[in-house]
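Work through the exercises below with the model open. Each task is followed by a solution in steps.

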Amino acid sequence: MSIHDLPNKIKSKIGIDNTTFLHLLLIVGVGVAAFGFGRLSAINKPQNTDISITGTANAYTATNPKPQAKTSSISTEKNYVASKNGKLYYTVGCKGANRIKDENKVYFATSGDAEKSGYTASSSC
């Protein structure tokens, strides 16, 4: 039996004609191609860059009433959001983030901050 006899053997076992067999192969081929293109689009999705902007804050002390410039490591950016009751974090514009109630939202400036807090990135965003 050669590879060329395989389609005829399959057709004879199932009992379908050439046109139906061709349509079946076409449907399966389109499905496999669509799945492959979907996987490729997820792989080539641009990655979010973690940008954190830190500013300066004026600090006053009791012994020195003059303001002193102090670098603040606290960021006020809200790039990522998670639920305090969940395990996943999302980008702020994600549909999954919109389902979190406002009172349960926890914000992060970077994905690293979210992961340090024990959250995992959502695969939907």
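**Exercise 1.** Classify Lys105 by its relative accessible area, then do likewise for its salt-bridge partner.

Solution. In this predicted model, Lys105 has a relative accessible area of 22%. Buried requires under 20% and exposed over 50%, so Lys105 is partly exposed. The partner is Asp102, with 3.5 Å from N to O. Asp102 has 61% relative accessibility and is therefore exposed. The N to O distance falls within the 4 Å cut-off, and the structure holds 1 salt bridge.

**Exercise 2.** Derive the strand order of the open sheet and name its edge strands.

Solution. Begin with β3, which pairs with β5 in the antiparallel sense over 4 bridges. Tyr80 has Phe108 of β5 as its bridge partner. β3 also runs antiparallel to β4, joined by 3 bridges, with Ala82 opposite Tyr89. These two strands, β3 and β4, form a hairpin with 4 residues between them. Next, β4 (residues 88-91) pairs with β6 in the parallel sense over 2 bridges, and Tyr89 has Ala121 as its bridge partner there. The order is β5-β3-β4-β6, with mixed pairing. The edge strands, each paired on one side only, are β5 (105-108) and β6 (120-121).

**Exercise 3.** Are the residues on the two faces of strand β3 buried or exposed?

Solution. In a regular strand, side chains alternate between the two faces of the sheet. In β3 (residues 80-83), Tyr80 and Ala82 lie on one side, Val81 and Ser83 on the other. All four of these residues are buried, and both faces of β3 are covered.

Conventions: Residues numbered from 1 in each chain as written. Predicted model: local features only at pLDDT ≥ 70, side-chain atom pairs only at ≥ 80, totals over all residues. Heavy atoms only, no water. Salt bridge = Lys/Arg side-chain N within 4 Å of Asp/Glu carboxyl O. Buried < 20%, exposed > 50% of the residue type's maximum accessible area, 1.4 Å probe, protein only. Pairing = 2+ DSSP bridges.
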